[in-house]
Amino acid sequence: IIVADTVEKIETWIGRPLRTLEKKIMHTYWPGKISMILERCQTTLALCAVNQAQAFRIPDYHPFLTLLHYCPFPLIAPSATATLSSSATPKRIGTRG
């Protein structure tokens, strides 16, 4: 999940204008616990996936939002689930070797 503090940052990172419905959903549910899967422009660098779709979220935790405000780059965070199942992110991402 790529986390941000503003919708404008997300729009920049996906490399295309947000659709009206996407903006409406974002303004209804963010900040919050819901992630949105958005297609990025083909000319935009893939931030954490090899396909065209990436998950984004604006979290509802003020200290984290403050950190994100000062972060000059996209921050990728794991999904925090309360279940015993593992994250869908392969373990090889972010590791050496």
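Visitor: In what order do the elements of the protein chain run from the N terminus on?

Guide: They run β-α-α-β-β-α-β, made up of three helices and four strands. Before we go further, this is a predicted model, where local features need pLDDT of at least 70 and side-chain atom pairs count only at pLDDT 80 or more, while totals for chains, interfaces and linings use all residues. Residues are numbered from 1 along each chain as its sequence is written, and side-chain values use heavy atoms, with hydrogens and water left out.

Visitor: What makes a stretch such as strand S4 (75-76) count as a strand?

Guide: Helices (H or I, at least four residues) and strands (E, at least two) are DSSP runs, numbered from the N terminus. Strand S4 covers residues 75-76, so it meets the strand minimum of at least two.

Visitor: How do you know whether Arg16 is buried or exposed?

Guide: Its relative accessible area is 15%. Buried means under 20% relative accessible area, exposed over 50%, and partly exposed in between (1.4 Å probe, protein chains only). The value of 15% is under the 20% limit, so Arg16 is called buried. Arg16 lies in the loop between H1 and H2. Across the whole protein chain, 30% of the 97 residues count as buried.

Visitor: What makes the link between Arg16 and Glu22 a polar contact?

Guide: Their side chains are joined at 2.9 Å. A polar contact is a pair of N or O atoms within 3.5 Å; within protein, one must be able to donate a hydrogen and the other to accept it, and residues adjacent in sequence count only if both atoms are side-chain atoms. At 2.9 Å, the pair falls within the 3.5 Å limit, so the name fits.

Visitor: Which residues of helix H1 (residues 7-14) are buried, and why can they be placed on one side?

Guide: Val7, Ile10, Trp13 and Ile14 are the buried ones. They cover an arc of only 120° around the axis, and therefore sit on the same side of H1; the arc is that of the directions from the helix axis to the C-beta atoms. On the other side of H1, Glu8 and Thr12 are exposed.

Visitor: What touches Ile10, leaving aside its neighbours within four places in sequence?

Guide: Ile10 is in contact (heavy atoms within 4.5 Å) with Ala4, Trp30, Leu38, Phe56 and Ile58.

Visitor: What makes the largest nonpolar core a core?

Guide: A nonpolar core is a set of buried Ala, Val, Leu, Ile, Met, Phe, Trp, Tyr and Cys residues joined through side-chain atoms within 4.5 Å. The largest one here has 19 residues, of which Ile10, Met26, Trp30, Leu38 and Phe56 touch the most other members. H1 gives the largest share, four residues.

Visitor: How do you know that S1 and S3 pair?

Guide: Two bridges join them, and they run parallel. Two strands pair if DSSP finds at least two bridges between them, so S1 and S3 qualify. S2 and S3 pair in the antiparallel sense over four bridges, with Phe56 in S3 as the bridge partner of Met36.

Visitor: Why are S2 and S4 called edge strands?

Guide: The open sheet has the order S2-S3-S1-S4, with mixed pairing. S2 and S4 are its edge strands, as each pairs on one side only.

Visitor: Which side chains of S2 point to which face?

Guide: Met36 and Leu38 point to one face and are buried, while Ile37 and Glu39 point to the other and are not. In a regular strand the side chains alternate between the two faces of the sheet.
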